[in-house]
Amino acid sequence: MREEHHKNQIVVGAGWLYLIEPEGGERYLGELPSCSVTVTSEYITVESSNGPVRRRLVHKPRSVTRRMDIELEDMSAKNLALFILGETGRDAQSAQVVEGELLSALREDVWYQLGVSRARPEGVSAIAATPAVTVRKGASGNTALDAAHYRIDHGRARILFTDLEPISGASKAVRVSYTPVAQTLARATSSEAQLREFGLRYIEDAVEGVGKRLFAPRCTVSPNGQMALKNPTQAQRIPLQVEILEPDAGAALVIYGPEG
């Protein structure tokens, strides 16, 4: 039988997700291809042990867990920091000339990253084509090595030696001079794994039906699986899990909006 007086509220969801930061304000998390809410509960169950058939006497909730699973396609440094449980920063790389950087114990046909140091273990990000990179043989760097014996990747600040025969000595060392490209890099850096607390707001803009809004005043955001760096079928995605916590006052989760 069809209920003529009832109108179903069918919703095809779409919308925006915001992270309410403890410093104030709500940060839009970017493109969001997947977002879901999961609520699970555990129960205390008591069954009668009298008679051949057990009968349930008590079925009471013991705990309830509310969480969200989201995937982001906005690969910003702040979103990546949520995934690696880290912090964000900015690294200013100056165009100051590097004179005679020592590379030793060299091998042929392997790449070496330039600019590796204790302060910047990942090395510099790019080097200039002009002025040209110079390579001098030996730890003392007295004689130039012909460019036919090595290759330079300026865009990645890397060098590969194709022929080490002209370099004498067991250490096979060279001195490299180059100029980094001046640029500022956004960084996401892993740190001690401490979950920060945020708030969360989802504003629905439904494709079909009347959208609702979701608000969680207190939650933690943590990694939730694999971030594929290379996948020919889809863009990179950041999988995150949101644990919704009980606030000091009010409800842990509020879903609100017009009824249509």
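**Exercises on a predicted model**

Val46 is found in strand β3 (strands are DSSP runs of E with at least two residues, numbered from the N terminus). This is a predicted model, where local features need pLDDT of at least 70, side-chain atom pairs count only at pLDDT 80 or more, and totals for chains, interfaces and linings use all residues. Residues are numbered from 1 along each chain as its sequence is written, and side-chain values use heavy atoms, leaving out hydrogens and water.

**Exercise 1.** Classify Val46 by its relative accessibility.

Step 1: Recall the classes: buried is under 20% relative accessible area, exposed is over 50%, and partly exposed lies in between (1.4 Å probe, protein chains only).
Step 2: Val46 has 37% relative accessibility, so Val46 counts as partly exposed.

**Exercise 2.** Classify His149 in the same way, then find its place and its partners.

Step 1: His149 counts as buried because its relative accessibility is 18%.
Step 2: Look in the loop between β9 (143–144) and β10 (150–153); His149 lies there.
Step 3: Leaving aside residues up to four places away in sequence, His149 touches Leu160, Phe161, Thr162, Asp163 and Pro166 (contact means heavy atoms within 4.5 Å).
Step 4: With the side chain of Asp163, the His149 side chain makes a polar contact (3.2 Å). Such a contact is a pair of N or O atoms within 3.5 Å; within protein, one must be able to donate a hydrogen and the other to accept it, and residues adjacent in sequence count only if both atoms are side-chain atoms.

Terms used:
Helix = DSSP H or I, 4+ residues; strand = E, 2+ residues; numbered from the N terminus.
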